[in-house]
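Trainee: I'm new to this one and would like a close look at a single part, the place where two helices pack together. Could you walk me through that, and then show me how the rest fits around it?

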Amino acid sequence: MISRRITPLAGILVGSSLLLVQPALASPPTLSPSVLFPSAVSPPVSQVEKKPVAEGSGGAVSTVDLDASKAALGVLREGGNAMDAAVAAAATLGVTEPYSAGLAGGGFIVYYDARRKKVHTIDGREAAPKAMGPASLEGIPFDDAVTSGLSAGVPGSVAQWELALRRFGTLSLRQALKPAIDVATRGFKVDQTFYDQTAANAARFKDFTSTAKLYLPGGAPPPVGSTFRNPELADTYRRLGRLGGEWLYGGALGAEVVATVKKPPVTPGSTRNVRPGLMELSDLKAYRALERPPTKVTYKGMDVYGMAPPSSGGSTVGEALNILEALPEVGEHEYLEASRLAFADRGKYVGDIPGVPLKELLSDGFAKERACLIGERAMPHPAAPGDPDGMYGPCQAAPSAEAGETAPEVAKEGPETTHLVVVDRWGNVVAYNITIESTGGNGIVVPGRGFLLNNELTDFTFGPAPGDPNLPAPGKRPRSSMAPTIVLNDDRPLLALGSPGGSTIITTVLQILVNRWDFGMSLPEALAAPRATQRNTAQTQAEQAFIDRYGAELTRQGHSLVLNPEIGAATAVEFLRHGRLQAVAEPTRRGGGSALVVNERG
């Protein structure tokens with residue numbers, strides 16, 4: 001049996017000595033060179049290089065992209081706080097990672113307010129238009145639904161940025177967008193990841209005049225090493241900063257989005273069946289970003305906070321952690337089985353619906369009842385959902401799935417979506433997942449505006465599936481797997497993390513936490529370690545290094561492993577002793593990420 005004894009909490013926990021009182025700022029600061037962090041201590045922002053691990057003080061950032069990390073670092077050095085820097089980084093990712101993020105997307109923010117020692121969340125998830133019903137996606141092949149106007153949800157990012165800055169930031173939206181405008185104007189160097197993602201989407205990009213013009217100049221992806229500029233997006237950001245979110249939510253920009261959704265700019269001669277969408281300007285006018293209570297579980301004395309529905313990230317990660325804590329020991333087998341059970345419950349109970357039994361799904365009693373089902377061998381496929389009814393008894397035999405019930409096979413999911421973490425010098429923390437869903441969204445650039453539309457509505461269950469909590473409905477937000485996570489110890493931040501990767505986001509976050517706390521890895525080791533993802537499927541997808549290391553023993557225990565070349569692309573920040581911070585990004589996945597700190601020697 002592949003197993004490791006649970007590492008005692010005292011051997012893992014580290015405290016923070018950051019100043020946890022943020023001075024009141026009556027008005028947004030003017031961004032100018034700071035004298036707080038002189039170049040003798042750390043290099044100027046323009047000279048920092050891409051690296052996956054950085055350690056220091058005064059603030060930290062981790063993203064998948066150097067330009068985005070530099071944007072956040074510049075805001076932190078010039079006196080902005082974590083939320084200011086997070087919005088600046090997210091907008092910059094809309095330039096440099098446009099196939100994963102953008103102003104026509106959405107996301108979830110988990111935020112730790114150091115002054116009040118409280119965790120907040122902001123839901124900026126895209127929403128279905130009022131004309132969408134439970135049968136709107138039925139009978140449509142998935143790939144056809146993705147590349148269409150029908151897949152585009154009402155975007156939430158801009159409303160989320162404005163709410164986040166208004167509630168927790170110090171900058172105006174106009175100020176926060178400036179770094180992104182600068183990058184879009186001067187351009188950025190095309191790397192292998194950008195080229196590969198463009199090439200993978202080229203067949204559908206060429207079918208839209210606006211997309212081909214922007215991302216296939218001369219009919220081909222821009223070559224590695226070239227400079228890619230997006231002046232149309234720079235202009236869009238300038239106007240957005242000047243006019244505010246109303247320009248999108250009911251104004252002229254919104255009208256352009258709706259026109260693109262309803263009549264996509266299909267290239268003459270294209271044979272692609274591009275379905276029109278259902279969005280109206282009234283849907284944009286009605287959209288609101290929402291503050292919601294976070295999910296919370298306690299694991300080995302630490303408080304783990306995540307995102308509540310419509311995300312399934314907080315509930316599924318939290319339930320799996322509770323199941324693991326109920327076991328006498330934890331190894332790779334137990335990690336996979338806990339994830340299998342949590343995903344069974346996710347599919348049955350979690351969606352953007354009233355009455356999700358969140359309290360019971362995250363209760364210790366339910367976790368112990370589910371943990372009873374984990375033995376020496378993998379459970380039969382599929383695992384049946386449990387009954388979170390509040391009445392939990394002693395261990396019983398594992399229930400069988402209902403006759404004819406099968407868990408859907410899950411495709412290999414790529415690096416879609418992105419995640420960033422920012423910590424400021426006051427100890428405020430932002431964990432932020434942002435997305436346009438599939439890599440490249442729905443493939444349609446709004447003409448003259450420089451940004452892609454999302455295909456978020458394909459996250460709904462297509463049906464027919466009576467009783468499924470994730471069927472489409474008017475105004476409903478599709479269930480998400482995004483799992484931005486913040487961990488506290490004694491009400492102080494200890495760790496913040498998250499990842500892209502579709503439904504593998506949940507297992508990536510869970511596996512990193514297990515690596516860090518149960519297997520005793522350092523945070524860089526926990527992110528770099530090979531991954532596997534079990535989502536209540538017949539086969540467990542795993543990276544080759546995981547199969548090489550654990551495959552033989554797991555196979556003997558009844559697991560069936562199949563290759564998924566790359567799972568997730570995580571970012572994280574850990575609070576070390578004496579006020580130091582360790583920012584960590586992927587060393588190789590998705591081309592490697594970018595970790596930076598404000599003061600490298602502090």
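**A helix pair and its surroundings**

Mentor: Let's start with the big picture: among contacts in the protein with a separation of 6 or more, 75% are between residues 24 or more positions apart. Keep in mind that this is a predicted model. The protein has 602 residues, and 62% of them count as buried. Its elements include 18 helices and 18 strands.

Now for the pair you asked about. Helix α2 covers residues 82-96 and helix α6 covers residues 178-186; their axes are 8 Å apart and make an angle of about 20°. Angles under 35 degrees count as roughly parallel, so that is the word for how α2 and α6 run relative to each other. As for handedness, α2 and α6 make a right-handed crossing.

Which residues do the touching? On the α2 side you'll find Ala88, Ala91, Thr92, Val95 and Thr96, and they meet Pro179, Ala180, Val183 and Ala184 of α6. Sorted by class, this contact has seven nonpolar residues and two polar ones, with no charged residues.

For another example of helix packing, look at α10, residues 252-262, where Leu253, Gly254, Val257, Val258, Thr260 and Val261 are buried. Looking down the axis of α10, you'd see its buried residues fall within an arc of 160°, so they line one face of the helix. What do they pack against? The buried residues of α10 have α9 (231-243) and α11 (281-286) as their partners.

The loops have a few details to check too. Between β8 (302-306) and α12 (313-325) sits a loop that holds Pro310, and the peptide bond leading from Pro309 into Pro310 is cis, with omega near 20°. Another cis peptide bond runs from Gly463 to Pro464, with omega near 0°. Pro464 belongs to the loop between β10 (429-435) and β11 (485-489).

That loop between β10 and β11 is also home to Glu437. Glu437 isn't a glycine, yet its phi is positive, about 85°. Is Glu437 buried or exposed? Its relative accessibility is 13%, and buried means under 20%, so Glu437 counts as buried.

Finally, go to the loop between β11 and β12 (492-498), where Asp491 is found. Asp491 also has a positive phi, near 70°, in a residue other than glycine. With a relative accessible area of 39%, Asp491 is partly exposed.

Definitions and conventions:
Residues are numbered from 1 along each chain as its sequence is written. This is a predicted model: local features need pLDDT of at least 70, side-chain atom pairs count only at pLDDT 80 or more; totals for chains, interfaces and linings use all residues. Side-chain values use heavy atoms; hydrogens and water are left out. Axes are lines fitted to C-alpha atoms, for helices over the stretch in contact, and angles run from 0 to 180 degrees between N-to-C directions. Helices (H or I, at least four residues) and strands (E, at least two) are DSSP runs, numbered from the N terminus. Angles under 35 degrees count as roughly parallel, over 145 as roughly antiparallel, 65 to 115 as roughly perpendicular and the rest as oblique. A crossing is left-handed if the near helix is turned anticlockwise from the far one by less than a right angle, and right-handed if clockwise. Contact means heavy atoms within 4.5 Å. Ala, Val, Leu, Ile, Met, Phe, Trp, Tyr, Cys and Pro count as nonpolar, Asp, Glu, Lys and Arg as charged, and the others, Gly among them, as polar. Buried means under 20% relative accessible area, exposed over 50%, partly exposed in between (1.4 Å probe, protein chains only). The arc is that of the directions from the helix axis to the C-beta atoms.
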